[in-house]
Amino acid sequence: MELTWQVITLLIASGILVGIINTLAGGGTVLTISIFTAMGLPITMANGTNRIAVVLQNLTASLTFIRKRMLDVKAGLLLSIPTIIGNIAGSMLATQLDEWIFKLCLGVVLTIILIYMIFDRHNHAMPAGHSLKLNLWHYLWFFLIGLYGGYIYIGLGYVVLAITIWTMRLDLVTANILKGFVIFVSSPFSMLVFMYNGQVDYAFGLLHGLGNIIGAFLASHYAIGWGVKFVRLFTIGIVIVCLLDLVGWLSMADGVNWLLNIMG
């Protein structure tokens, strides 16, 4: 698709929204993939191009949380090691991505997270930035996280939230901060695999990534301070929208095409 001002505007604007969504919760990549495919990118190209925005967005958010002393950097780096290994392996598999597997994995992950978010009544009230206690199981889980993220990525944020909340007993805000840092450190390795296989559109990726930087900055400076309750409700809302899109009751791709037509 030609880079008209309408396309550029939509890429940046949607990037801002995705940056906010992914910093607060996750699931914004569903929107990214829908936009890229609606603009004519094959699913494998959209999957690879998305990694540029992922790296830029999580870099922005992580730098902010480090400055605010809300991140246990040592634990994040340790958990990034198995994630990187899994990420590389998953990305090598992703060059032949099957759409039905893509949708099946996403549907399972979103359903589990939605059920947990609605019915969980525990208050995991550890303060952001506290020292995290790691064990061997955490490293195994994060290898599997990396494998899934390298292969599909969509829904990865929710997978990380599930693991960190259930096995590390973190509150949602702290889990989100750790999630963003580990994804930032590991994602460049996945991105290099897609680049090597020619499955990255740099113009689309960088423009959308610019919006992601702005969205991540806004979310990490302002919205994250609205507390665990807000982030939980926000997460539930995004998961519901993603599930509606997945089962065909709502079409993000149709919305993208409608916006482009409206803009001329």
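What share of the contacts between residues at least 6 apart in sequence joins residues at least 24 apart in the protein chain? The share is 85%. This is a predicted model. The report starts with the whole chain and then moves to single helices and residues.

## The whole chain

The protein chain holds 11 helices and zero strands. Read from the N terminus, its elements run α-α-α-α-α-α-α-α-α-α-α. The chain has 264 residues, and 55% of them are buried. About 11,600 Å² of the protein chain is exposed. Carbon and sulfur atoms supply 72% of that area.

## Two nonpolar cores

In soluble globular proteins, nonpolar side chains tend to be buried together. The largest nonpolar core here has 63 residues. Leu-11, Met-39, Phe-142 and Tyr-158 have the most contacts inside this core. Which helix gives the core its largest share? Helix H7 does, with nine residues. Another core lies apart and has 10 residues. Leu-71, Val-173, Val-185 and Ala-216 are among them.

## Helices H1 and H7

Do the helix lengths fall short of the expected span, or agree with it? For both helices in the table, the end-to-end distance agrees with the expected span. The expected values rest on 1.5 Å a residue.

| Helix | Residues | Expected span | Distance between end C-alpha atoms |
|---|---|---|---|
| H1 | 5-24 (20 residues) | 28 Å | 29 Å |
| H7 | 156-168 (13 residues) | 18 Å | 17 Å |

H7 is mostly covered, with 11 of its 13 residues buried. Its buried residues include Tyr-158, Val-160, Ile-163 and Met-168. In H1, the buried residues include Leu-11, Ser-14, Gly-15 and Val-18. These four names return below, in the contacts of His-208.

## An aromatic pair between H2 and H9

How many aromatic pairs does a search of the whole structure find? The search finds one. Its members are Phe-36 and Phe-204. Their ring centres lie 6.1 Å apart, and the planes meet at 45 degrees. The pair counts as tilted because this angle is neither under 30 degrees nor over 60.

The pair links distant parts of the chain. Phe-36 sits in helix H2 (residues 28-38), and Phe-204 sits in helix H9 (residues 202-221). They are 168 residues apart.

Are these two residues buried or exposed? Phe-36 has 0% relative accessibility, so it counts as buried. Phe-204 is also buried, with a relative accessible area of 2%. The cut-off for buried is under 20%.

H2 as a whole is mostly covered: 10 of its 11 residues are buried. Thr-32 and Phe-36 are among them. After H2 comes Gly-40, with a positive phi near 105 degrees.

## Contacts of His-208 and Thr-60

His-208 also belongs to helix H9. Its relative accessible area is 0%, so His-208 is buried. What does His-208 touch, not counting residues up to four places away in sequence? The residues are Leu-11, Ser-14, Gly-15, Val-18, Thr-32, Phe-36 and Ala-53. Phe-36 is thus both a contact of His-208 and a member of the aromatic pair.

Thr-60 lies in helix H3 (residues 43-67). Thr-60 counts as buried because its relative accessibility is 14%. Leaving aside neighbours within four places in sequence, Thr-60 is in contact with Ile-213, Ala-216 and Phe-217. Ala-216 has already appeared, in the core of 10 residues.

## Two arginines with positive phi

Arg-69 has a positive phi near 60 degrees, although Arg-69 is a residue other than glycine. Its place is the loop between H3 and helix H4 (73-94). Arg-69 is exposed, with a relative accessible area of 72%.

Arg-169 is not a glycine either, and its positive phi is about 60 degrees. Arg-169 lies in the loop between H7 and helix H8 (172-196), just after H7. With a relative accessible area of 38%, Arg-169 is partly exposed.

## A leucine pair across the sequence

Leu-104 is in helix H5 (residues 99-119). At 48% relative accessibility, Leu-104 counts as partly exposed. How far apart are Leu-104 and Leu-246 in space, C-alpha to C-alpha? The distance is 9.3 Å, while the two are 142 residues apart in sequence.

Key:
Residues are numbered from 1 along each chain as its sequence is written. This is a predicted model: local features need pLDDT of at least 70, side-chain atom pairs count only at pLDDT 80 or more; totals for chains, interfaces and linings use all residues. Side-chain values use heavy atoms; hydrogens and water are left out. Rings of Phe, Tyr and Trp (its six-membered ring) pair if their centres lie within 6.5 Å; planes under 30 degrees apart count as stacked, over 60 as edge-to-face and the rest as tilted. Helices (H or I, at least four residues) and strands (E, at least two) are DSSP runs, numbered from the N terminus. Buried means under 20% relative accessible area, exposed over 50%, partly exposed in between (1.4 Å probe, protein chains only). The expected span of a helix is 1.5 Å times one less than its number of residues. Contact means heavy atoms within 4.5 Å. A nonpolar core is a set of buried Ala, Val, Leu, Ile, Met, Phe, Trp, Tyr and Cys residues joined through side-chain atoms within 4.5 Å. Accessible areas come from the Shrake-Rupley method with a 1.4 Å probe; for residues, only the protein chains shown count as cover.
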